[in-house]
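Grab a coffee and have a look at the chain below. Try each task yourself before you read the solution under it.

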Amino acid sequence: MNARSSRSKPSGQGGAQPRQRPGVAGPGPGQAQPHGENAASSPASSPTASPALTRTDSQEDTPNFSFGVRVEFVSDWIIGTGSARSRTLNQTCKRDRDGLPYLPASTLIGLLREHAWAAAEALDGDQFTLWREWHTYVFGSDPAGERFASAAPEYSRAVPTPAALRGTSLHLPPAARKAIARAQGVVTSADLCDSAFVIRPGIKINDRTGTASEDFLRAEERARAGLLLEASDWEIAFPASFPAVDRWPAALLVASAARLIRGIGGKRRRGAGQVDLHAIRLPGLVPGSSFEATDPNAFDGQFDEGLAKWFEAANGEVPHPPRETAEPRISDPMRQESPSPSDTFLHEPAPPPPAALAHRFNLDIETTSPVLVNVSTKGNTTTSAQAIPGAVLMGIVGHAIGKGFDGLVRDAQIIVTPAYPVVDEVRAVPWPLSLGRLKYDDGNEFVNACSPQESYEPLRPPDEPYLVHLRDGRWSKAGADLVIEARTVVDDASGRTQADRGGPYTIVALAPGQQFRAEIWATAELTRDLTAIDAKTERIGKKSKADYGRATVSWSKPPAANATVLPIAANTPFTLYAESDLVVPGPNGTHEPTPEALVAAVQAALRAAGAADGIAVKMQPVEVPATGRQLPHADCALSGSATPTADCAAPLALAGPAFWYRVIRTESWQKSWGLPRPSILAIAAGSVFRLIATEEIPGDVVAALSAAGLGWRRAEGFGRVAINSAALTKQTLIVEPAATTSSSPTPTDSDRADPVYRRLARVAWKNAIVDRARTLAENTAEREKYVPGTCSPSQRGTLRELISGAGSRECVTPDEMRQWPDALGTPWSGAVKNLETLLAPGSWDSEHILWTKLFPGEPLQLKEYFSETEIAALTQFAVRAFLIEALRDHPVSANEGDAS
């Protein structure tokens, strides 16, 4: 079926009016009729203006086209990791943080993209390219290595077209995951996770002989058939100015592609990964029809009917896609609202007056998927930072504040700090580099190197990168949890890894379920109460359109600060500790991450904050006692000299270091230009400097310096400093082991009713029954109560066949079980009564005698997991499993030995 596509001016461009859809009542002139329940129209705004600059407090966000995806696997399936587990398992499945199988969004998006291209070609035919333009808008383009770009020349450019489709990975239903996470007793959470997988054998066929290759037997882990995976937060982004009534072609492409998918994952050509994916939830695809029902069962009967109606509509006039994807919610943080001479690369706004900046709000972040921020790449491994930079959060803050945010940034009236891990509602800070443990000491005592010591020895930092001061006064180490995932680029045509585009690679990302907190420092110009904004889901960091970057953000107010900042006396050493990276300017307007440049920046900041004009700041080395290890003088350390020179000799006697710092390089990318930004050289967070001033520094000046920070790009969280931090005021600090930053789910009692959980629970209980039955059958005394050692091989073979079931029967019926004692004969006379008790009518329930033998002293709680019918089936399974194991473990009798 080929759509006769309209070649008129694109909708939403150049004043074109929205068109009426075939067969659907359309809007009047100048009106945009909402399309579906999730496509409410938005207030009019300039197509070229940033949404944040035109937003008012009462204006709601223009919703994107949101939908959900449900995938039911009807066969075993595997999304492989590319690695083995031990020598016996050659291939393993991807698992989420709960140990359960999941479907990465990138895998499903790739399949949708491939099948949507087939649908677009069929709709366009040989004469048009409009549907292929919609394909490029929805799924993006990659001019470097893609065949789709040639079909839409206006989208082919050096910079790839970003995809408007945004998805998240598909997992088991939340109720099932919560119930699995809290399972305990006979069947634990680990047992339930293991029940979601099966082991399948695999071989390699020799191309020459057509037979199985020798020495190539493989064991492959696959996820179990019948699992249901879902995600409810997929969306197709549109510019705010694009009419909602013209968004339906994007939905049609995604829905038709979903209907064409028959298999997902590896081994699809051999029967694995068969799926039922037509239950994709696209609200409002057919207005007024039952397809809009929220009942998932309603999708089975209405999906094809809904698609057929929209294909009929596609024969008429089809709107053009937008010529650009949805704009960022705010402009670049450093962009000005109007041209200004101050908008230069080297300009940095003057700091506000003393005490103007205050800690106004907290931005609390909980990761709900792996997050990749401020990544570093070494070889084929991409690693995320363990903190969320303030620059990444500027869009969220700017969207919350709305109009005027750019002005606050331009005038240095707002600071968004990095988001660090939260432990017990307390925000951690980077570990001070001057705080370390003695080389051969594994205890909890850490030495503060910037405080005079009796003896100086080499110190080593801890493994955890953060330090947290708990509310009860204790200090603790902290760190962010990381997840490691193997990825690869798959060729669309061959279905194999593309070696020329990097091949397999590894991603190390922040794990989901962790809490982070950023601080918002601002002047009184920030009048909006951010705590009135409800918690919402955001996408942050790299690869946030697929499996990464999902987080829930909320706002809170910090507790009132009652502590008075003490002044710093003249000629008294004090410490300056970098709580974030410091971008220090040099005399030539370049980045100069050196101690000398830092001293100059501190002096300038003190004078700007109201300190005396004649104040001078310099490095103050730590005094080293004569009994300690001799260290170079501070001036020698600055110059890089390894040994004291004549200029560095006494009268200062021996002196230790005056600073503990390291330099880092930060790379970033300009999305609008499609080009890298200049590299940033900075003094790393955690660096410590020991300084001294010639004049007293008043307390209000110290407070202003701590609030405003040092150096460039302070609005993005660079330059946060602490003067005389509490962690650096003592010679030693007792630090407890690392605390967790993860949050645990809070399941409800109704979670066990989830059908996916009940399916896994039945498998896990059967596995537990088989293990216990084998153990019980190994007990000779217990075994011979039911299977005497004097029975003949033919009797045991007949019983084994009867117990195992004939043909396709799943298990022997109760009537067949009860007939066994009558047909056993004389050798079984002692066991007949026991078997009659084991197979007694009406005993197929949780009170059966075998349960107490299999699980002695353990609370079964079968009624909380299963219905009476399910308990009866499990009891039959337990009896059958025990008798099979008893027959298998039966010793060879003397008569059998003679007969043989």
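What follows is a set of exercises with worked solutions.

Keep in mind that this is a predicted model, where local features need pLDDT of at least 70 and side-chain atom pairs count only at pLDDT 80 or more, while totals for chains, interfaces and linings use all residues. Residues are numbered from 1 along each chain as its sequence is written, and side-chain values use heavy atoms, with hydrogens and water left out.

**Exercise 1: the overall picture**

Task: find how many helices and strands the chain has, and what share of its residues is buried.

Solution. Start with the elements: the chain has 21 helices and 33 strands. These are DSSP runs numbered from the N terminus, with H or I of at least four residues for a helix and E of at least two for a strand. Next, burial: 49% of the 900 residues count as buried. Buried means under 20% relative accessible area, exposed means over 50%, and partly exposed is in between (1.4 Å probe, protein chains only). Last, contacts, meaning heavy atoms within 4.5 Å. Among the contacts in the chain with a separation of 6 or more, 76% join residues 24 or more positions apart.

**Exercise 2: α1 against α2**

Task: describe how α1 and α2 pack, and say which residues make the contact.

Solution. Two packed helices are described by the angle between their axes and the distance between the axes. The axes are lines fitted to C-alpha atoms, for helices over the stretch in contact, and angles run from 0 to 180 degrees between N-to-C directions.

- Step one, geometry: α1 (residues 105-124) and α2 (residues 130-139) pack at about 165°, with axes 8 Å apart. That makes α1 roughly antiparallel to α2. The cut-offs are under 35 degrees for roughly parallel, over 145 for roughly antiparallel, 65 to 115 for roughly perpendicular, and oblique for the rest.
- Step two, residues: α1 brings Ile109, Leu112, Arg113, Ala116, Trp117, Ala120, Glu121, Leu123 and Asp124, and α2 brings Leu130, Trp131, Arg132, His135 and Phe139.
- Step three, chemistry: the contact of α1 with α2 splits into nine nonpolar, one polar and four charged residues. Here Ala, Val, Leu, Ile, Met, Phe, Trp, Tyr, Cys and Pro count as nonpolar, Asp, Glu, Lys and Arg as charged, and the others, Gly among them, as polar.
- Step four, cover: 10 of the 10 residues of α2 are buried, and Gly140, which follows α2, has a positive phi near 80°.

**Exercise 3: α12 and its partners**

Task: check the span of α12, then compile its packing against α20 and α3.

Solution. Begin with the span. The expected value is 1.5 Å times one less than the number of residues. For the 23 residues of α12 this should give 33 Å, and the end C-alpha atoms are 33 Å apart, so the two agree.

Now take α20. The axes of α12 (residues 755-777) and α20 (residues 868-888) come within 9 Å and cross at roughly 30°, so the two helices are roughly parallel. Among the contact residues are Trp765, Ile769 and Ala773 of α12, and Leu874, Phe877 and Ala881 of α20. The contact of α12 with α20 divides into 12 nonpolar, no polar and six charged residues.

Then α3 (residues 174-181), which packs against α12 at about 40°, with axes 7 Å apart. α3 and α12 are therefore oblique to each other. Ala176, Ala179 and Ile180 of α3 meet Val756, Tyr757 and Leu760 of α12. The contact of α3 with α12 has six nonpolar, no polar and no charged residues.

Finally, burial: the buried residues of α12 include Val756, Tyr757, Leu760, Trp765 and Ile769.

**Exercise 4: single residues**

Task: place Arg713, Asn724 and Met619 in the chain, and sort each as buried or partly exposed.

Solution. Arg713 sits in the loop between α11 (699-708) and β32 (721-723). Arg713 is not a glycine, yet its phi is positive at about 55°, and its relative accessible area of 24% makes it partly exposed.

Asn724 is in the loop between β32 and β33 (732-739). Asn724, not a glycine either, has a positive phi of about 50° and is partly exposed at 37% relative accessibility.

Met619 belongs to strand β25 (residues 617-619) and is buried at 13% relative accessible area. Leaving out residues up to four places away in sequence, Met619 touches Pro595, Val599, Ala658, Phe659, Phe689, Arg690, Leu691 and Ile692. Met619 and Ala693 are 74 residues apart in sequence, with 9.0 Å between their C-alpha atoms.
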